[in-house]
Amino acid sequence: MTLTIDSTVTLNNGVEMPLFGLGVWRSGQGSETENAVKWALETGYRAIDTAALYQNEAEVGKIVKSGIRPREEIFVTSKVWVDNLSYEGTKAAFDDSMERLGLDYVDLYLVHWPVNDWQGAWRALEEIYETDRVRAIGVSNFLVHHMEELLSIAKVRPVVNQIEYHPYLQSKDLHAYCKGQGIPLTAWAPIMKGKVLDVSELVSIGEKYGKTAVQVTLRWMLQTGVITIPKSVHKGRIEENADLYDFELSAEDISVIDGLDQGNEGRIGIHPDEFGK
Ligand SMILES: NC(=O)c1ccc[n+]([C@@H]2O[C@H](COP(=O)([O-])OP(=O)(O)OC[C@H]3O[C@@H](n4cnc5c(N)ncnc54)[C@H](OP(=O)(O)O)[C@@H]3O)[C@@H](O)[C@H]2O)c1
């Protein structure tokens, strides 16, 4: 199947989620996030990944509503922050996020980290899912043991698990587990915060196609069915990061990238079991 910027994954509840989108962690309030989201939508991006933590839901909502493209063509994700991980806390946090976003519905709402009373938070998400204010619910930073516990208590299956994922951290066991459960991964820090540019194997593969190591990395994710949400606040990079559809990595290239995994040594962010400790 030919990949395009409109390519989607069918989630386990039937909702179509774009394989590619823009992340806005550390995109500043005001014009920085507004411009990034505007340029992304104008470039053809169809998904925006925000969170209560990022303090830019209002900017995301404002541009999503601005009519650059119809609301139903845009997939908006937000997340409940750890301070609000309880049944009551999450219900209130969702209302606050919706108020800031100013949207009638959010496409996907995630538990941001598996800490505190995330089990109570999941119950709240299940109730919110019964309303027409969210189209899908999922989790982020869940390891296999969190997924097992979640699936043992869930009445509504999570549709995705958003984790740190890039050439140096491929979490192959977790990936296989989630795949087996019909739960795709979304990659955060997909381009290792820009550091993929220093990975010689990725640079060499890119040279064959006239592409950057960033583009090679993102294309690898698309070809292997991993949803990806690179962040940038620069127009040129927002365009570069989406210029992924005029080349195809060979099976050999993919196996070279698969082989770059460094396991936990490759992790940039916090290990989910260490969060808050
Ligand atoms: N669920 C979670 O716990 C979690 C955690 C972290 C992130 N996320 C989500 O995942 C998204 C992506 O992750 P991330 O923002 O941490 O990291 P990332 O997308 O891997 O990297 C973003 C960094 O790379 C730079 N960059 C972007 N495009 C580039 C290019 N073409 N060439 C060189 N540098 C480039 C950006 O700088 P400029 O902006 O200056 O261009 C920024 O500093 C976030 O924005 C957020 O939505 C989720």
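**Chatting through the ligand shell, two helices and Leu-260**

Colleague: Which residues are closest to the ligand, and how many surround it?

Modeller: Bear in mind that this is a predicted model. The closest residues to the ligand are Gly-23, Trp-25, Gly-194, Lys-231 and Ser-232. Counting everything around the ligand, the number is 26 residues.

Colleague: What classes of residue make up that shell, and which element gives the largest share?

Modeller: The shell around the ligand has twelve nonpolar, nine polar and five charged residues. Three of the shell residues come from one element, and that is the largest share. The element is helix 9, residues 235–242.

Colleague: How are helix 7 and helix 8 arranged, parallel or perpendicular?

Modeller: Helix 7 (residues 200–209) and helix 8 (residues 213–223) have axes 8 Å apart and pack at about 90 degrees. Angles from 65 to 115 degrees count as roughly perpendicular. So helix 7 and helix 8 are roughly perpendicular.

Colleague: Which residues of helix 8 meet helix 7?

Modeller: From helix 7, the residues involved are Leu-202, Val-203, Ile-205 and Gly-206. By class, this contact has five nonpolar, three polar and no charged residues. On the helix 8 side, you'll find Ala-213, Gln-215, Val-216 and Thr-217.

Colleague: Where does Leu-260 sit, and what is its exposure class?

Modeller: Leu-260 is in the segment after helix 10 (251–258). Leaving aside neighbours within four places in sequence, Leu-260 is in contact with Pro-167, Tyr-168, Val-199 and Glu-201. A residue needs 20 or more C-beta neighbours within 10 Å to be buried, and 12 or fewer to be exposed. Leu-260 has 18, so its class is partly exposed.

Note on methods:
Residues numbered from 1 in each chain as written. Predicted model: local features only at pLDDT ≥ 70, side-chain atom pairs only at ≥ 80, totals over all residues. Helix = DSSP H or I, 4+ residues; strand = E, 2+ residues; numbered from the N terminus. Contact = placed C-beta atoms within 7 Å. Axes fitted to C-alpha atoms, helices over the stretch in contact; angles between N-to-C directions. Parallel < 35°, antiparallel > 145°, perpendicular 65-115°, else oblique. Nonpolar A, V, L, I, M, F, W, Y, C, P; charged D, E, K, R; others polar. Near = placed C-beta within 6 Å.
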